Structures are given as structure tokens and as C-alpha cells.
Amino acid sequence: MIQFILIVNKQGRVRIRRNYHHVEKNEQEQRDSAVINKCLTRTNKQCNYFSHEAVTIVYKRFTNLCLICGVTNENELAIQELLNVFMDCLGSYFQNVSELDIVYNMERVYMILDEIIVNGSIAFTSKERALIPLQLLDAGS
Amino acid sequence: MSQIMEKTLASLPKLLTQSFSGGKNMKPTKGHPPSQEVQLFMKVVHQARSKSQEANIVQTELSSIQQKLKQSDLIASLGLVRSSFTKIIFCHLLNYDVSCAAIHAVNLAQQGHGYEKRLGYLLSCLLLHPQHEMVMLMMATLIRDLKSANMANNCIALMVAGELVGEDNVPSILPEVIKKLRHSHELVREKALHCLRAFYRSTPSLLQPYLPQLNTFLASRDPGILTAVTNLFLILCQENAARFVNLGPSFLHILDQINHRGFGTNYYYHMVPLPWLQVSLLKILGCLGSMDAALGKAIAPLLQVLIEKTKVSEPISLAVLVESVLTATQINADEELLHLCSRCIGKLLSSDASNGMKYQGLRLLISLSRVKPSFAAQHQMAVVECLMDEDPAIQIRTMHLLHAMANQANVKAVCARLLEQMNKTVDRQFFTEAVHMISDLAERLAVDIDWYLDTYLNILDQKLSSQTRDDLIDLVISRMEKVSVDNNSISSDSLQKLIAALLRVINNYDSGQSVILLSLQLFGVLAPILGEAFSSTSFLFSAETLVSRLVSEWQQTKVTIIKPLSPSCKEVDDSHFENLINIQCCCLDTISKLVLSGSLQVDCVKEWLQTHKCKLLKHPSVSCCLDELEELLQHPEHLLLTSQIVFHSQKTELDMSLSFLDKLVVQNLLHGGGILKPMYIRLSEEKASCQVVVPTSSNPLDFPESGFSPLQSSAGENGNSTSLVSSGMTSSSLRTKNKWRDEEDEDEEHFLIVGGSDDESQRKHEEIAQELFAGLGEVGLTKVIGKVSKHPSKNNTKKWHNMWDDDDDQNHEHCITSSLGLHPFGICKKAQSFSRWHDEDVENGNLSCSLNDDSGLGFISSKSETVLSPLAPVSRLAESPMCNSFDSAHEDVASDTNVLYRSCPGAYAESTGYNQPVLSIYSEGFADFNLEKLNYGMTNPASASASTIDALTDSDPEGADS
């Protein structure tokens, strides 16, 4: 079960945040800052997972972005690759996605994310299927 | 491109654009940059110099957005709506409160079309949650969109419904969602399945009638539907695997199809087809395979293929590999497959592997060593290397592994490692986990009592943060209590350490009241055993500070609480007060015990009492304790005698076979008296499932053997040389379940030494490995440490003590059928009550006694003393829900006793010349007097006065005259 997913930049600014489980605002702020801090301070040699309170954090760093995912009872490697695939999707939608793309098109990033993760479980099957709904909407408007 | 994919794509776009085609032909878009205004706003916010400035900018912007959205028509001004919503999402990400925008989001979802509708739904999802009141407003919109002929609207509505519709609203929307299961298009069916999964999580009961329909989806050829339905079944199987075992072959077939390239290349990711679906399927198969051996056999060959063909180069294929190995460890796989798994783990753990791989390898090794501990030994050097790794995540994982593979041979080394790691870590979570792991290991596998106590004292010494501190100390002390009270062979050295630690806890200002109470009680029981060897005056000193501190605390709370006199405050107040009384009583009690044991000077105590009497509360229980103590101090001439009776009871000789009463029993039987079944047998007979053999022998000493033969034989299967008298530790370890226990196989505990190493390079590592992997060799099962023989009873009295203890423990076990999951912290809470009950006894005059001065032999009982004496394991009563029925069952025995004594005033305490309060103190020395003996028609040892026997026969209607 995926609990939450975050996209943050190198400075720790949250670019995308999606909770799949309702948390109170204070709790969420605390959790986010603790998790982001930990993720950004880990060295490259260390592995991409660690446990934080009851959830396991899986993260994946890209050049200047970091995708963070909190899960319970999931295969960490599969989640790590899911983060990869999410970035791939963004890459093919935006053509070499940059941080600015994400900031300026947060809604669209959310919409793509909603095709990949549905209610906290993995719904991804292929890149095309993840992108079609948004492309249809774009074409329609 | 596969047929399915083509079909999907072909039917998709017709609704919105005729010419659009997705898939690989799609045009790359370079996003849609927002308007200049939005960009400016973001820039300004980012450049804000301080947090307050940023907050200012955001607040002004939000209120102006609010204003604009209110005034304008949402549909007419699309540009405004889009830019406003982008800004709102942006502010939401910065953790500002944007709940005021929720209503606009709901409106937009209702009125908008296409992208705007999606935007409205998106913002609603971000701002609302199932319990939010505004979800009600969305229900009509959702249902309308579900009914709409527009497929895109259907999909969005299904997705949002899964996210936002909570328990209360599911019934109103469920029929529409179910209809969508038969929609002509795969995408809608897929979304409907996702939605049902969300509904199942919130209201499982409502969905039960629709579950059989789901089976048909397993035959679908669409990967999206398969993914959705597999995820749904994953939840179902994890809840109730047995119900879905018959679907096992279907899942197996799907997995087989995926691996035989049954789906198009679009669904490949790094050359692996549908990897996430495979992972889910493997999880389900693991669940089902553990339930059904035949299915497990069918799964095994596929797993073998999956494991063998996987190259460890791609992370995603590694994910499938890891899941396959995990599944293999769950399905009772044969030796060959397990060896393959072990080789796989070896690769993952090899020194040139990345840390991520090591992490996964450790995870697999944990689950593999649960199936067969000896496999862990094959990777010992790798594990030791992981132990030295700099990554805390790896270290913690390794600790979990060590815990999983601990046995009696290596438990000391493992615990030492855990303690060391505990000292280093700053992670609160791990710290708590480590305490639980250590205490579990210590309790389950401890080989000698000194080490056991040492380990616990080590935990107590840790610098704990105040939050977890009380809980942990509570746990630790209650565990120590169980062992130290049950056990008579603790060396005085470790006992002294233990007492010193208890004193530290008592003196610590941060200790919670329950912790103080518990340690006081334990102190009271243990300190007298030590006698003069321990400077008891230091206790007087700490008792003094404790009493005065508590009183001042009490007064403070009283002042603050008096003002708002709400009922809840009063409740808090009351419980606080009760605790205070308990602690004070306990203090006085302990002092009395110390005086009795001769470790406190009477003059000393008198002096102390005079100065601190005023600080004690005016409450019946406290003054009762005080009276007891004063009474005791006034008769110092009795002290010598009582101390002999109580604390040096090994000098006395008791006829434990009660042979002197045989005649009486035989007479009774001859006169047609029925054989009386002991309490525990009556109890266990009520629990038919327990199937305890009913003893038929009339010899009272026979029943423990015959009565517990089932337990013993099962212990024998484990190779454990259980004898009749087994120490409390064995039984308590069987009985107590905590979060670590459930996962362990009992049999694993009995492996013993034979560890070998094959690497000469690093001697240090080797040493560690040898320590840690002792007992995990293939030979295994060589010798079992009979805990019983380790603590041979010193004499008859001790044996007597142990035997009855054990009876009760085992009795409990049978009654509970040892299936109760007990919370580790739940143990000691009720234990506190014993002193209070004890006090009540004194007040009610329930105490009865007959004492023979000449032989120095005492035989004392009181109604609840038999059940609740402090020398008996206190926790025994508190641990199980059974204690109520157990208690009440004792009650009728006890009432028999009362009748008995009512008819023979000669046996009352007064006749001995002792005062009741004093008696209540040393009656605790005879903790294990068991009332069940009375039911056999026996009350007293040989020295009992004739009047008592007369009384007994009188009170027994079927009894023979003596």
C-alpha cells in the first residue's frame, strides 16, 4: 500500500505531494520535513530505502529532483522502479522534463500520477496508457 | 503492437476527437506554460525574503482569488479559472490553508467540461478526504457523471469516487459502480475495479455479494483489468486466504501467460513483461500457496523458472526475483528450491553488490531463516559484513535477521550485538524495536538467570527518552518480576544489582506512577530475601523522598483541578489519588517486610515514621498499612520468630504428600464421597477444546502428572526434557505472545551449537560469525537445555512452591489454549491491584490462621491470598482474560474455606496471640498455599490441631467422622 508520494527539488522544496491516506496537516508537515531531510542527506552509496516510523521510504534521485514514496508492505524495488517509470512518463509528456515544467504544470503532473497510482496501489501497465487520458483532455480543450 | 493495444487505442479517442491517435504516434507536447500572471506570482513567492513575507503575499493573493471566483461565472471565464486553480494548488503545496477553495473545486467539477471538470475533481481530491463534510455535495455530481454516456467522465468519476467516497456514502453510489463492471470498454471496467477495491477497504461487508462476479475478470485479456482485479484480490487474499484457494490455478495461469509473452511489447519494462502485475500475482500465490500444499507444489516449478532465468542486472527483474524468492519461502517449498533461493541470496549479499541489493538480500534471508535456520549459516560472512556496513538501514535489517535466527546457543552474542547497536542508534523507532527484540529473546531463549537479569538491567540503564521510557520500563520490570519471583536460584550478586536498579527507578524523578508502584512491589518481594546483605536504610531514604514528592505533586494538582470541576477532571483526579494511595501503601508494606526480614532496625523505622507520618494521606488503606507497621514495631520480640517462619522456611519440614490425611480421604471415599476434581480440571473441562485428561487418582500428588500429560508429550516432541517441575520461565515463554513471537517456529529454538566457518581472511569477522551463527549448522538439534534441571529445587519446600506455581501456569495455558495474543505492555497493569486486594483482606477479616508455635511451622491462608500472594507470579493473574473466570472459580473454593473456619473458631488467628495485621504480612511468605487441597479433604500438615480436622469433617456433609 502506497501511503504518499512526493517530488522535491535539491533544496527540499515540495513540488508535488499526494497523500493516499488522510493525515492531519501538522502531522503531514512534520513527516514531510523529516523524510525529505533524511532522503537528501543520504549518500549515494547508501541504499534507496529506509524505514521511517511505520512506513518504509523509497526514494529515487534524478539530477535535480528527488522522488520520494512512503509504502507499507510493498516490494521496495518495484516501487523504486515505479518512481522511475513515473519520471519516464513525465519525460515523454514534457519532452525532457525539467523542474520548471513540473512547477508550471502541476495539475498535469497530478493527472499523470493518478493514472499510475490509484488509491494507493500500482495501476501502471504501460506508458501509453498512462498518458492517453491527459492527451485526450489536452486535445479536447 | 499487440491486438489488445490496438483495440484499446482504436476505441478510445472517438468520444473527444476523431483524429487523435495515441500510442507511439502521439505528438510530444512541451507542456502548457501558465499565464504570465501565474508565473509572476510564483516568482514573487519564491523570492520572498522571509517566511512571514511569503505568508503575506500568499494570503493577499488567496483572498483576491476568492473574490474573483465568487463574482465570476466559472464556465464563462476559463482563463481565470485555470490560473486561479494553478495558484491554489501551488499554495497548497506550500502548506497554506486553501480549504476555502474547496467549494469552487466542487462547483467546477459539477459545471465544467473536459479539462476543467478534471481540474475541479483534482483539486477536490487534494483538499477533501472521505470524512470531509463537503463530500456530500459531490455525490450528486459523481452519480451524474457515472450515468453519463461520456467515457472520460465515467473514468474520472470512478477514480474520484474511490478516493473520496467514505463509508456513509458507499451504498448510494455502489449500484452505479457495479453497473460499470459491464461497461463495453476496458478502461471503464478497469477503473470500476479500482474503485471497488477502495470501497472494499472502507466497507468490506457491503461488497460481499458482488465478490463472486469478480472471478470472471480473471479471464480477461486486458492487462489493465488484470492489474486492477489482481490488486483487489490481493487485499481479499491477505484477509482470508482459505476462501480463495480455488482461484490459485487462475492466478498461476495469468503469471504463466505473462511470462510466455502473452502480452504486447508495450507492456514490457526493461525487457520484463508487466513486472508490477507479476509482483502482485506472486504475493497472492504466496498467500494461497501457504494454505494449500497441492497449490504450493504447482507453483514451485514456475518459481524455479523465474528465479533461474532472472539476470540480476536490471532493478525491475530483481524486484520480480525478490518476490519469487519470498513466495518460495512461504509455500513450504522443497529442499531443492530453497537451495536455489539460498544461492540467489548469496548473490545479492556478495560484497560487490550495491547496498540496495544487500538490503533485499537480508530481507530474503530473514524469511528464509524462518523456514530453515540453517540457511542463515551459509551466508555468515556476508551477514557479518552487513553488520559492519555504514548504512543504518542495512544495520537495522541485519539486526532483524539476527533476531530471526537467534537460538539458545547464540542468544548471548546476538543480544550483545543488539545492545551495542541500541547504544549507537539515534532512531527512536529502532530503539523501541530493539528493546522488544532483546526482551523477547531474553525471555524465550535465556539459558541462565543471571544473564537474563543482566540483560534487562542493561536495558534499564539506557538513556531513554521520556515518552517511551515509562512504557519500556514497565515492560522490562514486569518481565523481570515474572522471572525473579518465580525463580529461587538467582545469585545474590545479580539480585543485588537488580535491587539497586529498582532503587534507581524509584528515585528517578521522571518515572511514572505505575512504574514506581511496580518496582516498589518487586522491591518488597526481593529485598527481604537478601536480608542484611543490602543496606536497607537507603530504601528508607528513597521512600521518604518519594512520599514527600508525591504529596507535593498531589497538592499541586489539587490546586489546579479544583477550579474547573468538570466530571472528567474529577476522574483524572480520582485515579491519580488512587495511585498515590497505592504507592504509599506499598511503601509502608515494603518497610514492614524489611523489618520482618531483619534488614531494617526497628528504631530506625520508628524514627522515620515519626517524622514522616504527617505526610501520609488520611485514607483507610494507608492508615491500615500504617497500623500494621506500628503494631509490628511495638512487638519487636516476635520478630525473631516470624522471620524464622517466613524467610527461612527451608528449615521447616512439611509433609508434602499429606499422607497423614490418607486415612481421612479413604474413609470419605468409602462413605460414598465423590472424587473431587481440582479447580483447574473443572475449568478445563468446561473448555472442551482443551481436552485435558482428567485425573482419576485420589492421590493429590498424582494429578499434576496425569492432568498435564498432553502438554508434556507435546513438549517431548520438541525434544525438551520437561519434567514435572519446570521453572516459570519455560511456561511463561510459551504463554506470552508478543509481536516477535508469532513469527517464530517453536522448533527453531532447540538447535544447538555446531557453527563452522570456511574463510580464513578476516579473523575478526570470523570470530563474530562464529559467535552469531552458533547453533545454526546443518547438524542441529543435538542437545536441549532443560531449564528445569538448571534450577534444582533445594529442598522440599521449594519444590512445593514451584509445583503449585507451575500448576497454575499450565492451567492457564490449557484454558486459554495458548492462542491469545497478549500485548507486551498489557501484562503489568492489572498486577498492580494485588496489594489493594490484599489490604481488603485485612480489613474484611478474611484472614485465617492456625499456627503451631512449637515447631515454628505456620499454616496461613486468607481468601484471596491463595490467588494473589505476591510471591506467586503476580502477572499470572493479570495476563489473561481468563483471570476473571479463574478468579470466580476460586471464589467458591474460598467460600468453602470460610464455612470451614466459621465452624472452628479454634483455628482462628486470635488463638495464636498474633494480631491480624502482622499475620497478613508474613502470610505472604506462604504464597503458594493452595486451596484446592482443601477440596481433597485436607487442610493442614501433620502438626495441625485436632480441632481443625474436626471442623473439616463437620463442614463436609459427606465426610466421615474422625
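Biologist: Where in chain A does A:Glu53 lie?

Modeller: This is a predicted model, in which local features need a pLDDT (the predictor's confidence in each residue, from 0 to 100) of at least 70, side-chain atom pairs count only at pLDDT 80 or more, and totals for chains, interfaces and linings use all residues; side-chain values use heavy atoms, with hydrogens and water left out. Residues are numbered from 1 along each chain as its sequence is written, while chains are lettered from A and ligands numbered from 1 in the order in which they are written. Helices (H or I, at least four residues) and strands (E, at least two) are DSSP runs, numbered from the N terminus. With that in hand, A:Glu53 sits in the loop between strand 3 (49-52) and strand 4 (55-61) of chain A.

Biologist: Thanks! What is phi at A:Glu53?

Modeller: Most residues other than glycine have a negative phi. A:Glu53 is not a glycine, yet its phi is positive, at about 50°.

Biologist: Is A:Glu53 buried or exposed?

Modeller: Buried means under 20% relative accessible area, exposed over 50%, and partly exposed in between (1.4 Å probe, protein chains only). A:Glu53 has a relative accessible area of 55%, so this residue counts as exposed.

Biologist: B:Asn95 also caught my eye. Which class of accessibility does B:Asn95 have?

Modeller: B:Asn95 is found in the loop between helix 4 (78-93) and helix 5 (102-111) of chain B. Its phi is near 70°, a positive value in a residue other than glycine. The relative accessibility of B:Asn95 is 21%, and therefore the residue counts as partly exposed.

Biologist: Stepping back, how many helices and strands are there in chain A?

Modeller: Chain A has 141 residues, of which 68% are buried. From the N terminus on, its elements run β-β-α-β-β-β-α-α-α-β-β-α. The count for chain A is 5 helices and 7 strands.

Biologist: And how many are there in chain B?

Modeller: Buried residues make up 59% of the 962 residues in chain B. Contact means heavy atoms within 4.5 Å. Of the contacts in chain B with a separation of 6 or more, 75% are between residues 24 or more positions apart. The count for chain B is 48 helices and 4 strands.

Biologist: What average pLDDT does chain B have?

Modeller: In chain B, 55% of the residues score at least 70, and the average pLDDT is 67. Over residues 560-567 of chain B the pLDDT is below 50, and this stretch has 4 contacts beyond near neighbours in sequence. Residues 643-651 of chain B also have a pLDDT below 50, with 16 contacts beyond near neighbours. To return to the average for chain B, the value is 67.

Biologist: What ipTM does the predictor give the complex?

Modeller: Two scores are given for the complex. The pTM is 0.64, and the ipTM is 0.96.

Biologist: Now to packing. What is the handedness of the crossing of helix 2 and helix 5 of chain A?

Modeller: The axes of helix 2 (residues 76-94) and helix 5 (residues 127-140) of chain A come within 10 Å and cross at roughly 40°; axes are lines fitted to C-alpha atoms, for helices over the stretch in contact, and angles run from 0 to 180 degrees between N-to-C directions. The two helices are therefore oblique to each other, since angles under 35 degrees count as roughly parallel, over 145 as roughly antiparallel, 65 to 115 as roughly perpendicular and the rest as oblique. A crossing is left-handed if the near helix is turned anticlockwise from the far one by less than a right angle, and right-handed if clockwise. The crossing of helix 2 and helix 5 of chain A is right-handed.

Biologist: Which residues of helix 6 of chain B make the contact with helix 5 of chain A?

Modeller: The axes of helix 5 of chain A and helix 6 (residues 114-127) of chain B come within 7 Å and cross at roughly 130°, so the two are oblique to each other. Helix 5 of chain A brings A:Leu134, A:Leu137 and A:Asp138 to this contact, and helix 6 of chain B brings B:Gly114, B:Tyr115 and B:Arg118.

Biologist: How far apart are the C-alpha atoms of B:Lys180 and B:Asn154?

Modeller: B:Lys180 is in helix 9 (residues 170-180) of chain B, and its relative accessibility is 11%, so B:Lys180 counts as buried. The residues that B:Lys180 touches include B:Asn154, B:Leu158 and B:Val188. B:Lys180 and B:Asn154 are 26 residues apart along the chain, and their C-alpha atoms are separated by 8.4 Å.

Note on methods
Lists of a residue's contacts leave out its neighbours within four places in sequence.
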